[in-house]
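Please examine the sequence and the structure shown below before reading further. The explanation then proceeds step by step.

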Amino acid sequence: MRHAQIYLLILALPGIMGCETTPKVDNPVLGPPPPRLESALKQQKLEESAVASRARDRKNLLEGDFAESDNPFETPVITASTTSDEIASSAVAEPVEDLQDSTVVAMVNGMPLFVSDILGVYDFQLRQAEQRMEPDEYQKLRRALVKRDLKGHVERLLLLHEMKTTLKKEQLDMLNQHLETAFEDQRIPELQKQMGVNSPQELEDKLNEQGCSLFFEKEQFMKQQSAIQFMAVRAKAKDSFSREEVLARYRSHIKDYEVPAKVQWQRIRITYSKHGGKDKAIAVLDEVIHKLQSGADFGEIAKQYSDGTRADKNGSWGWTRSGSLAEPEVEEALFSLPIGEVSQVFETDTSFQIVKVNGRKQAGHIPFADVQGKLEQKMISESRMKSTTKLLDELYAKAIIESEYEIEKGQDVNPANGKSAAN
């Protein structure tokens, strides 16, 4: 627990830092803008970068074709669901030698993946953690983050390699030009609004305070957007389904839309213990029955005599589902008595009970019209996920990957002599 505050700091900061989510932009090269993918790309957040620490490591990549440079997709951030125990335990068995930013942790189709490519998004938080943690603990944290995020970065490099070898140079140039315009017209104003500044220069200053810059914002924006759209086009997922297709899915999963019977009711409950035993409770029950037979209002009687938790609300209960009551005989009465009728007296181990039915809804199904839109979106998401997985599997199958870490991807990546290789 001694470093809990450091871990919590890392949990909280990514969401309030710069380098936030990129907007979707139209794509004149690859076609209309694809729907947002739901997978590892779901949130589509940009990576945060530290200019000083990353510039040397990535100089050669940045000077080449943008498709060969850093990964375009979101690096998984440390979320509130990631605990310090999870991070620490994942590094327990790992060596704690220093991981330099320039260390290559994987080679993907001949493209190097540096420690800085993975940890750059955490640069601001890691600098703070380094000041407060013991060196060994700090290195364990760095290694754990690398190990956790490596798979996603490998997959992004696989996609970048495919994009470079598939698209023609003129297509890449057109896309590059289009995204530059989109960055100026859309992304910069959005960032200025998020950061509460009024000019690009003020934005640059604000980003610099957080270990980021407009240069890397632009770099990540262009790579991320082009790769996301390339993924969507190549994955060939369905982006719409006909009414007949959605209806067929609804009917085949009709049990998912079952609605149980419900009842709205009131109860008068007279407990034995409160009245000094069952015999004395009978006297109170007789008084209640007499008033009800005389035409007294059920709710007023419940308010005056009931020992139930809702006595102050006239003994009223909201819509109650079938199967949710503890006393079977009481529930049977609630779902069989005519609406407005008062039940007989039910004797339980602890009390006498009288109930009244005020309303009832029969069992049925949620109407198709009420779920059609949501169900279609679910089908689209499933189609995207399936297509994305299929494409990545194909890329893994023909990839050459080397890493000291085990990359968990089926049989395509197998550890060998301390390294991982996929052919």
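The paragraphs below move from the overall make-up to the core, one helix, the aromatic residues and two loop positions.

The model considered here is predicted. The protein contains 14 helices and 11 strands. Of its 423 residues, 46% are buried. Contacts may also be sorted by how far apart the partners lie along the sequence. When contacts between residues at least 6 apart in sequence are considered, 74% of them join residues at least 24 apart.

The interior may be approached through the largest nonpolar core. This core has 38 residues, and within it Leu150 and Val154 touch the most other members. At least two residues each are supplied by β1 (104-108), β2 (111-114), α4 (115-119), α5 (123-132), α6 (135-166), α9 (214-235) and α14 (368-397). The largest share is that of α6, which provides 11 residues.

Helix α6 therefore deserves attention, given that its share of the core is the largest, under the definition of helices used here. The helix has 32 residues and spans 45 Å from its first C-alpha to its last, close to the 46 Å expected at 1.5 Å a residue. Where is the kink in α6 centred? It is centred on Leu150, and its angle is about 45°. Setting aside residues up to four places away in sequence, Leu150 touches Val105, Ala106, Leu113, Ile118, Ser403, Tyr405 and Ile407. Leu150 is thus both the centre of the kink and one of the two residues that touch the most other core members.

Helix α9 offers a view of another contact between distant parts of the sequence. Ala235 is found in this helix. Is Ala235 buried or exposed? Its relative accessible area is 12%, and because buried means under 20%, Ala235 is buried. Apart from neighbours within four places in sequence, Ala235 is in contact with Ser387, Thr388 and Leu391. Ala235 is also 7.4 Å from Arg384, C-alpha to C-alpha, although 149 residues separate the two in sequence.

The aromatic residues come next. A pair of aromatic rings is described by the distance of the centres and the angle of the planes. The structure holds 5 aromatic pairs. One of them joins Tyr250 and Phe368 in an edge-to-face arrangement, with 5.3 Å from centre to centre and 65° between the planes. Tyr250 belongs to helix α10 (residues 243-252) and Phe368 to helix α14, so the pair ties together parts that are 118 residues apart in sequence. Both Tyr250 and Phe368 are buried. Ring pairs link these two residues and Tyr257 into a cluster.

Aromatic rings also take part in arrangements with charged residues. Arg310 lies over the face of Trp317, 4.5 Å from the ring centre. In another case, the charged end of Lys361 sits over the ring of Trp319, at 4.6 Å from its centre.

Two loop residues complete the account. Lys236 lies in the loop between α9 and α10, and its phi is near 55°, a positive value in a residue other than glycine. Lys236 is exposed, with a relative accessible area of 69%. Asn314 is placed in the loop between α12 (298-305) and β5 (316-321). Asn314 is not a glycine, yet it has a positive phi of about 60°. Its relative accessibility is 24%, and Asn314 therefore counts as partly exposed.

Key: Residues numbered from 1 in each chain as written. Predicted model: local features only at pLDDT ≥ 70, side-chain atom pairs only at ≥ 80, totals over all residues. Heavy atoms only, no water. Core = buried A, V, L, I, M, F, W, Y, C linked by side-chain atoms within 4.5 Å. Buried < 20%, exposed > 50% of the residue type's maximum accessible area, 1.4 Å probe, protein only. Helix = DSSP H or I, 4+ residues; strand = E, 2+ residues; numbered from the N terminus. Contact = heavy atoms within 4.5 Å. Phe/Tyr/Trp six-rings, centres within 6.5 Å; stacked < 30°, edge-to-face > 60°. Lys NZ or Arg CZ within 6 Å of the ring centre and 35° of its normal. Expected span 1.5 Å × (residues − 1). Bend = angle between axes of the 7 residues up to and from the residue.
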